[in-house]
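Student: Could you take me through one part of this structure up close? I'd like to see how a single helix sits among its neighbours, and then how that ties in with the ligand.

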Amino acid sequence: MKTTQSGIFSLGTASHAYLEWDIADGQNPRDLVSAIASLRAPRLTTGGVNLVAGFRPELWRSVAPDDAPTDLHGFNQEIAGVDDFVMPATQHDAVIWLSGSTYDVVFDATHAIIADLKGFATVADETASWPYRHNRDLTGFVDGTENPSLLDAHDVVGIPQDRPGAGGTVLLLQKWIHDSAAWESLSVHDQEQAMGRTKPDNVELDHKPATSHVARTDQDTFGHVFRRNMPYGTTTRHGTMFVGFCAEQRPLAAMLESMAGLTNGIRDALTRYTHPLTGAYYFVPSNESLCGMDEAQK
Ligand code: HEM
């Protein structure tokens, strides 16, 4: 039985760091995977850190061809939507997501990992994130409501046991910056029309506009995903780290196309106030597959 990396399901942590990595010049992908597989986060009961590691799908496939989903590919091309809206493709070779109770433990773990991976990979992008008002994103709306429960999330996220990449999952990581001045210039009513839910009490609108975010990403249409979005940034420059997992790439990709207006010409109203700065897909292998790459354990 191949099991999904458990940090994906560790809800309620107050501090996060996302590191995207480029393989060092001349470095062998197998050695990078092995170096990441050998990382150990502090395993304390309090003050422990969750570590989730993933790889550019093509890089993982080159190292473990029999243990890679056949049709999974990186975010290799930008998505050109309607009205000149663009979702950039900023694929990197690996990703590490750390989460813990406070930023000091995440900071120390991140610092140690950067030292451990010296010579194997360089940090291409680093983002520190933190929850806002318990469960809201920086639009002020509750984020994650329509997620599957933790009991159901394993089936939504984990690739079935009889398929290549079993127990692994597909991660879409996309950093969005908010145009807060434009968003906050809207009335609460207009914000609710853009989101498709009410703001204070988080109820789905009975007659939500087709342009609303919730209509554009409707899971009954596109399939279910598990989101671990987090706010990031400073008061003057901030947004949402979209962190979405699914056993298949298609639902995530179809949601992006729908938000960009490529499905039926209707663009997501939220994209008029938030803009993607990055976009990458990673294969997050099962615990067993990743540990199997740790040369030190062999
Ligand atoms: C700035 C970026 C984003 C923000 C602030 C945001 C925020 C939200 C909020 C507040 C909701 C309503 C509550 C809920 O979570 O169910 C929601 C729903 C949802 N979002 Fe996003 N989101 C963003 C980007 C994305 C992206 C890029 C995707 C997909 C690739 C996505 C997929 C979904 C899905 C699947 C739902 C639930 C739809 C349903 O009701 O079935 N979101 N989002």
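Tutor: Let's start with one helix and work outwards to the ligand. Keep in mind that this is a predicted model. The helix to look at is α6, residues 188–195. Four of its residues, Q191, E192, A194 and M195, are buried. Look down the axis of α6 and those buried residues fall within an arc of 160 degrees, so they line one face of the helix. There's a general reason to expect this sort of pattern: an α-helix has 3.6 residues a turn, so residues three or four places apart point the same way. Now turn to the face of α6 that points away from the buried side, and you'll find H189 and D190, both exposed.

What do the buried residues of α6 pack against? They pack against α5 (180–184) and α7. Just past the end of α6 comes G196, with a positive phi of about 95 degrees.

Here's the link to the ligand: α7 (213–216) is one of the elements giving two or more residues to the shell around it, along with β7 (169–178), β10 (238–246) and α9 (250–260). The shell has 26 residues, and E146, W176, T217, Q219 and M255 come nearest the ligand. By class, that's eleven nonpolar, ten polar and five charged residues.

As for β10, it runs antiparallel to β9 (residues 230–233), and four bridges join the two strands. A hairpin of four residues connects β9 to β10, and Y232 stands opposite G239 in β10.

Note on methods: Residues numbered from 1 in each chain as written. Predicted model: local features only at pLDDT ≥ 70, side-chain atom pairs only at ≥ 80, totals over all residues. Near = placed C-beta within 6 Å. Nonpolar A, V, L, I, M, F, W, Y, C, P; charged D, E, K, R; others polar. Pairing = 2+ DSSP bridges. Buried ≥ 20, exposed ≤ 12 C-beta atoms within 10 Å, placed from the backbone. Arc of directions from axis to C-beta. Contact = placed C-beta atoms within 7 Å.
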